[in-house]
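Subject: Structure for your review

Hello,

Here is the structure I said I would pass on. Please look it over before reading my notes underneath.

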Amino acid sequence: MSKLNHFLSVKSTENPLELADLALSMKNNSGNFKDSRKGLSLCLIFFNSSLRTRLSTQKAAFNLGMDVAVFNVGEDGWQLEFDEGVVMNGNKAEHIKEAAPVIGSYFDIIGIRAFASLENKISDYQEQVLNAFVKYSGKPILNLESATTHPLQSLTDVVTILEHKKVARPKIVLSWAPHPRTLPQAVPNSFSEWVLACKFDLTIVQPKGYELSEEFTKGATISYSQEEAFEGADFIYAKNWSSYTDYGKILSSDPKWMIDREKMDRTANAFFMHCLPVRRNVIVSDEVIDSAKSIVLKQAENRQYAAQAALFKLSEME
Ligand code: CP
């Protein structure tokens, strides 16, 4: 497997299963990789909140012997301008054209978390923030969840599926579930493209109007009935997302879409997955998430090995 220039989406990897295998070998042979990147530095830049991504990526860097700085843009930094040719007489004090190369001059790898605005579909789907760091920082960029994808989450999801699957090509169902707030499409987009790139059998089930961009879902079976989609499933991955077509809108809050025991009973004794954080008894019932088939904590634990594999390949010499 060749080195990663950036880790922005599944397209950054030649073979996502090889990267997942590397993460698994890092989990099972941690001593082999300890301090293997000593002397290198990582800056994690957060435009949005995080628990798992922040801590697991720091832990991954520590395991490799890297030094880490965390920068919360909203609290600690100047507000950044990303548009070209703007007269900067408003509240944005610094342009990305200066900020990114300055950060790039201090660190070897830069991680960015910048969620979708859910107001401007064009700039969100053009990945304005992430791509500005790619363009101007001069350093490898690690996507910590961008407007359209969350590859570290998807890599951990693939790792966790590999650890639990009992058949060569499991049936995986990505199910929309209700949520009181407007959420981006990054996790379901990313999960879909990774699962499809790994050649697993993917069904996406959602209410009408919640179809994701075909850029990420081409090759998946699309369903509008949880009862039908859950039949014979090996993994159920629950997630809420807002509408892609009616961009950023909540079109349904129907509580009948919550994942409960009755629905899980239709599956082939499926494992339950979610990226966390999760709203109990809104997305999923207590009974399901607390059951022996729930692997949400395994997914979260594996985040550190996914991040470790990505950092290792980003910092590999040519
Ligand atoms: N799943 C995930 O990315 O969690 P955080 O938002 O807490 O980082």
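Below are notes on a sheet, a loop residue and a pair of helices.

Please keep in mind that this is a predicted model.

The sheet

The sheet is open and has five strands in the order 9-8-7-10-11, paired in parallel. Strand 9 and strand 11 (271–273) are the edge strands; each has a single partner strand, so one side of each has no neighbour in the sheet. On average, neighbouring strands of this sheet are turned by 20° against each other, direction ignored.

I looked at strand 8 in more detail. Strand 8 covers residues 201–205, and four of its five residues are buried. Its parallel pairing with strand 7 (residues 171–176) is made over five bridges. Between these two strands the chain passes through helix 9 (residues 186–197), and the resulting β-α-β crossover is right-handed. Strand 8 also runs parallel to strand 9 (residues 221–223), to which three bridges join it.

Some individual positions can be followed across the strands. Leu174 has Ile204 of strand 8 as its bridge partner, and Ile204 in turn has Ile222 of strand 9 as a bridge partner. Val173 stands opposite Thr203 in strand 8. As background, side chains in a regular strand alternate between the two faces of the sheet.

The loop residue

Thr182 lies in the loop that links strand 7 and helix 9. Is Thr182 buried or exposed? Neither label fits: its relative accessible area is 37%, so Thr182 counts as partly exposed, given that buried means under 20% and exposed over 50%. Setting aside neighbours within four places in sequence, Thr182 is in contact with Leu118, Ser242, Gly248 and Ile250. For one of these, Gly248, the separation from Thr182 is 66 residues in sequence and 6.7 Å in space, C-alpha to C-alpha.

The helix pair

Helix 1 (residues 16–28) and helix 14 (residues 296–314) have axes that come within 8 Å and cross at roughly 115°. Helix 1 is therefore roughly perpendicular to helix 14. Their crossing is right-handed.

Which residues meet where these helices touch? From helix 1 they are Leu19, Leu22, Ala23, Met26 and Lys27. From helix 14 they are Glu301, Asn302, Tyr305, Ala306, Gln308, Ala309, Phe312 and Lys313.

Regards

Conventions: Residues are numbered from 1 along each chain as its sequence is written. This is a predicted model: local features need pLDDT of at least 70, side-chain atom pairs count only at pLDDT 80 or more; totals for chains, interfaces and linings use all residues. Side-chain values use heavy atoms; hydrogens and water are left out. Buried means under 20% relative accessible area, exposed over 50%, partly exposed in between (1.4 Å probe, protein chains only). Two strands pair if DSSP finds at least two bridges between them. A crossover is right-handed if, with the strands pointing away from the viewer, the path from the first strand over the helix to the second runs clockwise. Axes are lines fitted to C-alpha atoms, for helices over the stretch in contact, and angles run from 0 to 180 degrees between N-to-C directions. Contact means heavy atoms within 4.5 Å. Angles under 35 degrees count as roughly parallel, over 145 as roughly antiparallel, 65 to 115 as roughly perpendicular and the rest as oblique. A crossing is left-handed if the near helix is turned anticlockwise from the far one by less than a right angle, and right-handed if clockwise.
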